[in-house]
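Thank you all for coming. I would like to walk you slowly through one structure this morning, so please have it open in front of you as we go.

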Number of protein chains: 2
Amino acid sequence: MGGDNAPREIVAGTLQAAKTFDARFILVGDQKQIEPLVDAASRAKNVDIVHAGEVVAMDEAPVAAVKRGGVTSMAKSFELVRDGDADAVFSAGNSGAFLAFSMIRLRPLAGIARPAFATIWPARNGPMVVLDAGANVDCKPEWLMQFAIMGSAYSHAVLGVEKPKVGLLSIGEEESKGNELIDAATPLLASAPIEFAGNVEGRDLLLGNVDVIVCDGFVGNVALKLAEGAGEYIFGALKEAATTSLGARIGAMLLRPKIREIRGRMDYREYGGAPVLGVRGVSFVGHGRTDAKAVVSACRAAFRAVHEDLVGTIARAIAKVNGAEAAR
Amino acid sequence: MGGDNAPREIVAGTLQAAKTFDARFILVGDQKQIEPLVDAASRAKNVDIVHAGEVVAMDEAPVAAVKRGGVTSMAKSFELVRDGDADAVFSAGNSGAFLAFSMIRLRPLAGIARPAFATIWPARNGPMVVLDAGANVDCKPEWLMQFAIMGSAYSHAVLGVEKPKVGLLSIGEEESKGNELIDAATPLLASAPIEFAGNVEGRDLLLGNVDVIVCDGFVGNVALKLAEGAGEYIFGALKEAATTSLGARIGAMLLRPKIREIRGRMDYREYGGAPVLGVRGVSFVGHGRTDAKAVVSACRAAFRAVHEDLVGTIARAIAKVNGAEAAR
């Protein structure tokens, strides 16, 4: 029920995913609104509806949303995962509330200091996992080390990268090595059970040769919004330019399929959503603008995360690191 | 003598600036290399050469560069400003060393906690002053307040904005208000003698409605490098796309002037360089790729900064704020 296009696009994407993936899909929300959108064949095969009468508002305070209990579609979805009736949860709704539900209903894995929001960037050399994207604005060095392990596990399990290379986001070497946080985190990442590629800088978020980039949630969120803004800025200018002369108009027309392809490649929908990593379940939050295509992508990512036991992999990796720490 | 294209492009830009601005220009560096590039008429009119036999290397440690004393062209340039023989200094050389020289040879203004690097972003609604861009990676809230005052003074004096609106860079409101630093700095900016427009987010660096955006040097540097990377990413993809079919090739050809115009608008050269604000003199460091056009822009900015008494304006504003603080 969350996001700008719910329930129509959410249901449409789910029905498409249900035809593609060997899994059961549970649509959680207002039965009266959802039922007319679902065909009988899908329901008979692998699509169910679970009723929840209320909806978490997009601007609702996360704490308030959680306090309302199980009456909302978001709360109910999380309860299904908590109770073992579902393996993964997706929503295009209120991301702050989604994070709160992930923390409170699913709870962090043992040994995880802070779960993180990860975003998947359409970098030049392939999808790049960037975390944290806003869940933890003030971080401790050890948290960044855990983010590195979680991001690496995600890249491997869901994106199929054999040995994900992990970079720690820092600044251009001409000025300094990094800030206090980064300087303290660097040796921790270097000794973690990951392929640590060293420090990277802002341009590497789009152009780099690593598979995972770790940063605190403040920097990650600024970067995410800036990258979205940069696309809007440049493509907006191109669109405007295309109306200024006949030549430009024809040129833009001829180039339009390519421009669309590039925008598509940069599209967040390609990867469906931002996983919350470090909790006892698979949970993805989508962009408010989520459409059917993005829902399919999110279902694909969730399907892989469950099949590859992403949660178990993270739990074991963290237990191992914490065990080694404790043994020192 | 600094940067990829020195001394050729630096001299060419300076000669052009010397014809445009009513000022004297002093080329500092290896006389043997510079002299052949300067025409007699310019020398007779308003271009001088001051010899300095050595050059600060692009990868030299700032401390090492300063320790070498006055033998380098960068050191000599700063001494000219320090001694009152010049009003402003520009270099396309080692930016870390440039900052160190600004701090040590020119020294911070009274009451300035930390000078800052400012960069001028080609935002959609006009040039945007973003600081700090990397001089101070770990900041105190009061420093951000001083950055706001300095950025505001720059926007007014050099870019001619009547009442610059200042935003404090933070993250999307759906997640939280900001980090500890931003939460502590917000009331300070709100009570500073500036037009505080509140918190802004990453996308506002390119699309926002403010004239100045304040952040710590770590976030500012990541953002700067990311924005450069985003341009490279998108325009690179467009260029590549333009070779994939005859239609795309023709379209790109027709659209090329517009694409060039957009890239030009986004070009750092439009604004020449990054001013170091808060020191006793006007100092601009250019990009390593600085060409003649960028030198002219830097000269224009320096010319305005001197004419509008940017340094005095900042000194008075800071004294006033610090006086008010002390009186409490």
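Let me begin with chain B, where 8 strands, a strand being a DSSP run of E with at least two residues, numbered from the N terminus, form an open sheet in the order β3-β10-β9-β4-β5-β8-β6-β7 with mixed pairing, and where two strands are said to pair if DSSP finds at least two bridges between them. At the edges of this sheet stand β3 (88–91) and β7 (195–200) of chain B, each with a single partner strand, so one side of each is left without a neighbour in the sheet. From one strand to the next, the twist averages 25°.

Before going further, I should say that this is a predicted model, in which local features need pLDDT of at least 70 and side-chain atom pairs count only at pLDDT 80 or more, while totals for chains, interfaces and linings use all residues. Residues are numbered from 1 along each chain as its sequence is written, and chains are lettered from A and ligands numbered from 1 in the order in which they are written.

Staying with chain B, strand β6 (residues 165–169) is joined to β7(B) by 4 bridges, and the two run parallel; within that pair, B:Leu169 stands opposite B:Val200 of β7(B). Helix α6 (residues 95–106) of chain B, a helix being a DSSP run of H or I with at least four residues, packs on the sheet and touches β3, β4 (116–123), β9 (274–277) and β10 (282–285) of chain B, where contact between two residues requires their C-beta atoms, placed from the backbone, to lie within 7 Å. The direction of α6 makes about 170° with that of β10(B), with axes being lines fitted to C-alpha atoms, for helices over the stretch in contact, and angles running from 0 to 180 degrees between N-to-C directions. Helix α7 (residues 141–157) of chain B lies across β4, β5 (126–131), β6, β8 (212–214) and β9, and runs at about 165° to β8(B).

Turning to chain A, the domain assignment, whose bounds come from an automatic or database source, gives domain 1 (1–112 + 278–306) and domain 2 (119–271). The C-alpha centres of these two domains of chain A lie 26 Å apart, and 11 residues of domain 1 are in contact with 9 residues of domain 2. On the domain 1 side of that contact, helix α12 (residues 292–307) of chain A gives the most, with 6 residues.

How, then, do the two chains meet? The contact takes 53 residues from chain A and 53 residues from chain B, and on the chain A side α10(A) gives the most, with 19 residues. That side of chain A divides into 26 nonpolar, 15 polar and 12 charged residues, counting Ala, Val, Leu, Ile, Met, Phe, Trp, Tyr, Cys and Pro as nonpolar, Asp, Glu, Lys and Arg as charged, and the others, Gly among them, as polar. Since 100% of the interface residues of chain A are also interface residues in chain B, the copies meet through the same surface.

Finally, chain A can be laid on chain B with an RMSD of 0.0 Å by a turn of 180° and a shift of 0.0 Å along the axis, the superposition being by least squares on the C-alpha atoms of residues with pLDDT of at least 70 in both. The two copies are thus related as by a two-fold rotation axis, and in chain A the C-alpha nearest that axis belongs to A:Gly251, 1.8 Å from it.
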